[in-house]
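Hi,

Here is the structure I promised to hand over. Have a look at it first, and then read on for what I found in it.

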Protein chains: 2
Amino acid sequence: MQSDSKSSERLSTPRTQAERTALSDSAMLAAAQTLILERGIEGTTLAAIGERAGYSRGLATYRYGSKAGLFREVSTNIHRRWVSYLSEAVGEETGVDAMCLAVDAYYRFVSDAPEDIRVLHILYYAGSEPSSELRDIARTAFQRQIADAERWITEGVNAGTIDSSVSATAEAAEYVAHLAGMTYLWLLNPVSLRFDEIKDSFKRSLRTRLLNAAPAT
Amino acid sequence: MQSDSKSSERLSTPRTQAERTALSDSAMLAAAQTLILERGIEGTTLAAIGERAGYSRGLATYRYGSKAGLFREVSTNIHRRWVSYLSEAVGEETGVDAMCLAVDAYYRFVSDAPEDIRVLHILYYAGSEPSSELRDIARTAFQRQIADAERWITEGVNAGTIDSSVSATAEAAEYVAHLAGMTYLWLLNPVSLRFDEIKDSFKRSLRTRLLNAAPAT
DNA sequence: AACACACTTGCTTGTTGACAACAAGTATTT
DNA sequence: AAATACTTGTTGTCAACAAGCAAGTGTGTT
């Protein structure tokens, strides 16, 4: 690979097939994201995505097979970013502390990358329809979130920091429902919610509900 | 009106224009609801709705103007049923008691009329897209829910049953987010949630968070 | 090493069928 | 006969597919 001597020639003109694909792929995913924000899923056409990305009207269909296939790609792409953001924030922490770190991370992600969250949830909500190809994507994403929370809770119980009488499944569902529900309200009406207040209140609620009454025993 | 002498002739054949419209209207709304459950919003065509209701392919468009107009009608129709169900359950109650009654009523409504809730939320979630005609419908519905909760809380504060240090807006948002989020998780995966457990846990959480620590003072 | 040829992969343009929306008609009630 | 409920004819848009063109890649020959 002697690309160093030539790499400055024209960055936007790839030399290999892999580079071509990577370039058009990221351009189309970005175009899809902005078009979803501008016009919604219904209002976004595959032709518009291809052309907005600087290609022909046919490329999006060719590359992703179908509208659903493209949107699946967009959602997994954003989901990946969120997962790495989350795991960096929580690390190896467990119990209520892990949950609070995750809550912080989520609200931070919402204000850092609001467009990612908007698009991701627009796509996920589209998965609430029967026979939607996004349904499985959304389901596994949320079930994974619930499973994470359940793990943090049971680890907390094992470590003695969490009251063993709590129902891990119910509390995990409650936790995910809070985040999903807040996100939905925010999507409908971005200005009406005071996230800082809500976040602190929710974390306090988590502690009082889950924490062992006598941790020092 | 001497309709009594003839009413048994053919119940399905209305005699007045108003009856004709009412008949086709309810038939089409019902058809729309079942088709949404079967095939989703995308998969439901206006022609299919008209024909499933026993009319021509064009009637749905003619009556409601557009697909969005029809779905708006479906959603307000279901919403009306829920509102009367709720107001009957809560009555003139206030404070945390009112909120708990509302929570009970909601989970009861979900198991009594799951198809209503499914369709209503499929439509509401479609309103998360920008420039969706369902957006305003969903927004006002949820803002009304939040406003109700806020009213119950401030009334409770005024009556001395609720701790005056709580943030009514934050708690009201939390309350609605819980219901909306749980409904979404249920829509994605109806079997995985133990509603009885979740409901009781949530009501307990409401009481501990909101109730005045020393109500007898 | 340099060239040529066959092959693969990326991308574009042509076409079809489905559907929402509208317009112009027919049937039913008043 | 006038108005209202409903039906049928038509158009433009879009997703999906098919067939072709263009750019890149591997292999054998010299």
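Let's start with a small puzzle: what should the 24 residues of helix α4 (residues 67-90) of chain A span at 1.5 Å a residue, and how far apart are its end C-alpha atoms? The expected span is 34 Å and the end C-alpha atoms are 35 Å apart, so the two agree. Keep in mind that this is a predicted model, so every value here is computed from it.

**How far to trust it**

The mean pLDDT of chain A is 90, and 92% of its residues reach 70 or more. Do watch out for residues 1-11 of chain A, though: the pLDDT there is below 50, and apart from near neighbours in sequence this stretch has zero contacts in the model. Among the elements of chain A, the lowest mean pLDDT, 92, belongs to helix α1 (residues 17-43), and the highest, 98, to helix α5 (residues 95-112).

**Chain A as a whole**

Chain A has nine helices and zero strands, which gives the pattern α-α-α-α-α-α-α-α-α along the sequence. Its C-alpha atoms fill a box of roughly 70 × 45 × 30 Å along the principal axes. Chain A has 217 residues, and 35% of them count as buried. If you take the contacts in chain A with a separation of 6 or more, 62% of them are between residues 24 or more positions apart.

**Back to α4**

Which residues of α4(A) are buried? They are Leu70(A), Phe71(A), Val74(A), Ser75(A) and Ile78(A). Try reading those numbers with this in mind: an α-helix has 3.6 residues a turn, so residues three or four places apart point the same way. The cover over the buried residues of α4(A) includes α1, α2 (46-52), α3 (59-64), α6 (114-126) and α7 (135-159) of chain A. After α4(A) comes Gly91(A), with a positive phi near 60 degrees.

**A backbone oddity to look up**

Ser131(A) is not a glycine, yet its phi is positive, near 55 degrees. You'll find Ser131(A) in the loop between α6 and α7 of chain A. Is Ser131(A) buried or exposed? It counts as exposed, because it has 10 C-beta neighbours inside 10 Å, and the cut-off for exposed is 12 or fewer. Chain B has its own case: phi of Ser131(B) is near 55 degrees as well, and Ser131(B) sits in the loop between α6 (114-126) and α7 (135-159) of chain B. Ser131(B) counts as exposed too, with 10 C-beta neighbours inside 10 Å.

**The two DNA strands**

Around DNA strand C there are 23 residues, and Tyr55(A), Ser56(A), Gly58(A), Thr16(B) and Ser66(B) come nearest. Both chains take part: α1 and α3 of chain A, plus α1 (17-43) and α2 (46-52) of chain B, each supply at least two residues of the surface near this strand. The largest share there, four residues, comes from α1(A). By class, the surface near DNA strand C has five nonpolar, 13 polar and five charged residues.

DNA strand D is surrounded by 22 residues, the closest being Thr16(A), Thr45(A), Tyr55(B), Ser56(B) and Gly58(B). Here α1 and α2 of chain A and α1 and α3 (59-64) of chain B each give at least two residues. Which helix supplies the largest share of the surface near DNA strand D? That is α1(B), with four residues. The surface near DNA strand D divides into five nonpolar, 12 polar and five charged residues.

**How the chains meet**

The contact between the chains takes 44 residues from chain A and 43 residues from chain B. On the side of chain B that touches chain A, α8(B) gives the most, with 14 residues. That side of chain B is made up of 20 nonpolar, 14 polar and nine charged residues.

Chain B can be superposed on chain A by a rotation of 180 degrees with 0.0 Å of shift along the axis, at an RMSD of 0.0 Å. That is the relation of a two-fold axis. In chain B, the C-alpha nearest the axis is that of Gly181(B), 2.0 Å from it. Why can we say that the copies meet through the same surface? Because 100% of the interface residues of chain B are also interface residues in chain A.

Have fun exploring!

Technical notes: Residues numbered from 1 in each chain as written. Chains lettered and ligands numbered in written order. Predicted model: local features only at pLDDT ≥ 70, side-chain atom pairs only at ≥ 80, totals over all residues. pLDDT = per-residue confidence, 0-100. Contact = placed C-beta atoms within 7 Å. Expected span 1.5 Å × (residues − 1). Buried ≥ 20, exposed ≤ 12 C-beta atoms within 10 Å, placed from the backbone. Near = placed C-beta within 6 Å. Nonpolar A, V, L, I, M, F, W, Y, C, P; charged D, E, K, R; others polar. Least-squares fit on C-alpha atoms with pLDDT ≥ 70 in both.
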